[in-house]
Structures are given as structure tokens and as C-alpha cells.
Amino acid sequence: MRYRRPAAFPRLLSTAVATLTALALLAGCTGGGNPDDDSERDAPSGTWTPVGPTDAVVRIDQVGYGNGETKVAVLLAPRKADGASFAVERQDGSIALKGSVGADRGPWSDRYPASYPIDISALRTAGAYRIRVTGGATAVSPVFLVGASKELFGEVAADTVKFFGLQRDGSDLVSEPIPRKPSHLNDAHATVYDAPDFSDGDDLAAGLTESGDGPASLDVTGGWFDAGDYLKFTHTTAYAVTLMLLAQRGGDASIGNGKAIDGLADEAAHGVGWLDKMWDETTQTLYLQVGLGSGGVDNLVGDHDTWRLPEADDSATGDSKRFLRDRPVFRANTPGGAISPNVAGRVAAAFALAAQVEAGDQPTRARAHLNAAATILDLANTDDYGTLMTTYPRGYYAESSWSDDMALGATELARAGWVLGDTRSTAWMSQAAHWAKLAVGTGNRQPLNLYDVGPLADGELSGLLDETGASGLEVDKAALVADLKARLDAGVTVADSSPIGAASPLTQADFTSKTFGWSAVAAIYHRAAGDDSYDAFGTAQRNVALGTNGWGLSLVVGVGSTYPKCIHHQIANLSGSLNGKGKIATGAVVNGPNAAQAFTSLTPSTSATKCTGVDVSRYDRTDARFVDQPQAYSSVEPAIDFTATALLAVTLQARL
């Protein structure tokens, strides 16, 4: 479970898509607006039939639906409305499809005690539409699009890449989506410190001690900020890089195929370049983290203790701010020492995937990354690993599994070795099968997310077994496919009991990432098994993340008609990108709804710019809420792991 102290808060399109989008905009789909403001929705053109009085709401995927995929919207009704009728309208008022709502799936909230699926899968012709419900309840949906999945979701993937550009640190910046200034240039001569003491929890229990066996200084400039703060973590960066490279990598072996996604190759290379700096091949040292989250002793100011733009840190004055000005670096291992297996596995996977992508045009660089991945995997401590390492403090990203990381790392090494003609590939394949068998045996039934890359390991190893014809290993393709299927069956069981069909609990952190993760698992299973039985489930999870949720919000900033405006992100907050003014953090994937108790004591920072978010409080439940305010990190903090999961998921959706 993710736990991150909120930064600086008290303790706590192609032509086809452009054409369709223009139609939606004419119908009043204006980003960041009220999800049920009918006057706003119809005002711009006046060419749609007036909405009229409504007493219910219809939730749809605000990006749209692929021509041939399952399409299910959701009606939230203030009373029982069994047998209500729906009509799918075109902009000219003609009817494209008629039908009746499905069976009541139970209450969404006290205000909406009944919910009904609206199956519009028969709608296959590209265009802009909306759904009108009558009989027992009255409602009109926002306008949505039907078109080619490749076009619709390729654009969403490109938007998520933009968020990584916004997260860049150092001097190699991009001007979109929000112009930036160089930041943390002092990271070019950073000092390495021994592991910090966080035995008291989230705050330092003792001062930092410089490492006696580290380099005099270390260049760790670049990389990405992890979330709304300015810390940089190897653990989360390796996860993001791995998913980006899978989305980028082409060919028959590919889980993804995102070579055409704007900016993806450059952004993935930026992440790989920073991981290169965090690995010292000569001393066999992996560096884990740049920056100190919280002070707690000697009046030290940590990253999370002040709300500011990142470029301010290099010139911060005073001894209390010395670790903002000259940020500490912490190691994952002593030189040549063992590395926590979860970190070793995922960093090895990232480097091995880089080798695969580079093999054709940059074979020398590819072999260097292959060798780095091999060394790191060999250093994994799989015998006496103790508490798994992720970050300092560990509570930011407390992880409990590691065999999935090792399986993925060995699998990508085996594939990279096979591509580059390295004779070690056979041994790596055996290792991959060994760790995959162990991972399958844990019985984990989670979706793809930062804490579980098992679905990637299953899908990648399954494909590699097909390609190489390898047999006689500790695990076979059938076991890998069965593991994917068992995960999906668990997700389907949860979704079947949800009024909106969500497979992730609304009261748990990382809702959006896990929801996209389920969509990715369904697509990975389809490819591995050649079975489309879970495609509708995967589509439904994407729908939930992009608007078919009780709050009627797309959980990706800048995507869809209504999305969060006041995110917990210092750059977005302080750069004039609020309340519809200036540029926004396009492509940022936020945490999502969360348990109601997560919002009981929200204290705004005095340094944050005031912002009026999208008010969706009328759709809150007794157990779950969504709050669009900068202090509500539990709902609206974005992160690179969230966004990478969404990127891979929509890339896979675009291929089905």
C-alpha cells in the first residue's frame, strides 16, 4: 500500500480523432467543468436537442469507445427505474440506437440508490453521440465518441507521455505542457550518505552521516520527480521505464507497440539515462534515492516540508535547508554488496529492455545495458533479504513481494540475450522460469501495479517461450496463462459486485493505477492465451478510469470532458495552471477516490495557490470520496507509476 506524506503539507491527435474531438467540443465537452452541468454542455453550439430537466446521471468513457469493443455506460438513478429506456442520439437529433437499461446493480450512494448498465455495444459507426434516458428516471450523458481504438487511445498515450516531460529534473527540459526552469543543478556534485534512520516513522530520528566508502561526489542530475514532490527514486523510476519500454518496443514479441506514440522514445531514453547514473558498474553500487523527504532533527527542512517550485532549491539559504540545496543520495547496497531482490529485479528488467530496444541501432550501448542488468540481477539477495528496500523511509512504498520482480528481470535478460546472441540467454531463461514458478505459487491476485509486476512477467515469459520453443523448464506456458486467468477471475468477482463495475475497491489507495492495471492484465492475457473472454472486463476498467465512475470524472488530467483541476502538484499549482488559467499538467494520472477517512483533516499549505476544483461532493458515498483540492493528496496527487501504468494499458487497448 502506498503511503506518501503530502508535499509541504502538515503531518499527515490524428485527423480522424481531431474531427471527432471537434464534434464533441461543439457539443460542449469543456475540460474541467461540472460533470452534470447541462447548460454548459449544450451552450456552445445549440445544435443538440436541449437536455431539459433531469434527475439522474449517465456515466460514460469520456475519451470514447473503439468501434468494435464492448460499450457499457452506467445510469445512477435517484430511485428504482427498472425497465427505463435509452436512446443514443446523434447531433442532428436522429436516433442511432434504442434499448432498455439492464438489471439494477445496486446502490451507488444514498442519493443514488439504484444503478443500471446501459449496453450500447451495437453502436459501431464512428461519430459523436450522447445517451438520453427516460421512464422511471431522466438523464442525458455527456457527448462521447466512437472511433478507431488506435486513434482514440493513441492520443491518450501521447498525453501521458507529456506528464513525464513535466516531471523532468535538471537542465534537459521540455516546454510542454508547462514551461519549466532548470532545477536541482547541484545534483551534479551530490554527496552519498549512509542509510538514514527513520525508526521513528516518517521523520528522521538522527542526523545524516556521509558515507566513508562512497565517491567524493556523484552526478545524479536529470530523471523524473516521483510525484507532486521533488524526490527521485530508482524503485519507481525503474517501474516507469520498464512499462514505457514495453509500450515502445515493437515486433512480434512485444506486449506493446508504441513506436508511433509522440515523444515516447525520447522520454523513455531520458529515464534510462538517469538510471545509468544511479548504477556504478565499476564499484557495483546501485543508488536508490535522491533527496530527503522530511526533516525531524536539527530543524532540517526536507522536500515534503515546504511548498515551492523546484528551481528554488539550488539557491536555498540557511543551514536548515542544506538538504534542499545539496540533496543527499542514498544507496541500495554497499559497493559490490547484495541488493534487495525487488529492486534488483526491476532495475535489471529496465536495463534489459533498454538493451532490446537499442539492439538494432545501438548494439554497443545495448550490450552495456545487458551486462549492467546481468550484474545487478546477480547481486540480488534472494536468500536473506530481510525487509524489502524501496525508499527511505520505506513507508513511502512498502513492498512485500519480490519473486515477480526477479522473474521479470530474468525474463527480459533472457530476451535481450536472445536478441543480441548472448550465450547466457539459456541460463537466464532457466532463472526466469524458476522465479516465475515461485511468483505464481504466491497466489497473488492483484492487477499490474507498482507493487506487483507478476502479470508482466507472466505475459513476457509466455511470449518468449513461444518464440524460442524452450521447454523442460520449471514453469510452462499453461501455468503462466492460468495465473493471468486466476487474477482476472478475482477481478471480475469484485467488479460484478460493484455498481459501476470497478474491480478495484473505492476505499483503497492507488485506485486509478490499479484500475488501469486490470485493463492491462486483460490485454496481456488476450495476447498470451489467444482468448478474448476478458476483453470486455478490461474495457470496462478503462471506462471506469476515464469517466464511468460515480463522480463522472476522467482521472487523467486534460483527458476527457471533466477532470481534476486542482491537483496536488507543486509545479501545476504554482505555475498559473489553475481554475482554467494557463496550461495544465496534461496526462497526469491521479490517485482517484479514496476512503472517506482519508480526508478528515485537510490543511491547505499557506504557500499553495488557492484553487477551486470540480465539486463532485454530491456523488460521494459514506465510505468513499473524491476531493479536487491541492491539499487532497489522497485523491489528486499524480505519480509516475500511476501514469506509466495508464500509458501501457491504453497502448494495449489500442492494439486489440
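What follows is a look at one helix and at the aromatic side chains of this predicted model.

Helix H3 covers residues 149-166, and its length checks out nicely. With 18 residues at 1.5 Å a residue, H3 should span 26 Å, and its end C-alpha atoms are indeed 26 Å apart, so expectation and model agree. H3 is also mostly covered, with 14 of its 18 residues buried.

Turning to the rings, the count comes to 15 aromatic pairs. One of them joins phenylalanine 330 and tyrosine 392, which meet edge-to-face at 5.7 Å centre to centre, with 75 degrees between the planes. This pair links distant parts of the chain: phenylalanine 330 belongs to strand E14 (residues 328-331), while tyrosine 392 sits in the loop between helix H8 (363-378) and helix H9 (403-420), 62 residues apart. Phenylalanine 330 counts as buried because its relative accessibility is 0%. Tyrosine 392, at 13% relative accessibility, counts as buried too, since the cut-off for buried is under 20%.

Another edge-to-face pair is made by tyrosine 525 and tyrosine 534, with 5.2 Å from centre to centre and 90 degrees between the planes. Here again both partners are tucked away: tyrosine 525 is buried with a relative accessible area of 4%, and tyrosine 534 counts as buried at 9%. Elsewhere, ring pairs link Tyr65, Tyr129 and Phe144 into a cluster.

Charged side chains get in on the act as well. Arginine 59 lies over the face of tyrosine 619, at 4.5 Å from the ring centre. Likewise, arginine 621 lies over the face of tryptophan 108, at 4.9 Å from the ring centre.

Definitions and conventions
Residues numbered from 1 in each chain as written. Predicted model: local features only at pLDDT ≥ 70, side-chain atom pairs only at ≥ 80, totals over all residues. Heavy atoms only, no water. Helix = DSSP H or I, 4+ residues; strand = E, 2+ residues; numbered from the N terminus. Expected span 1.5 Å × (residues − 1). Buried < 20%, exposed > 50% of the residue type's maximum accessible area, 1.4 Å probe, protein only. Phe/Tyr/Trp six-rings, centres within 6.5 Å; stacked < 30°, edge-to-face > 60°. Lys NZ or Arg CZ within 6 Å of the ring centre and 35° of its normal.
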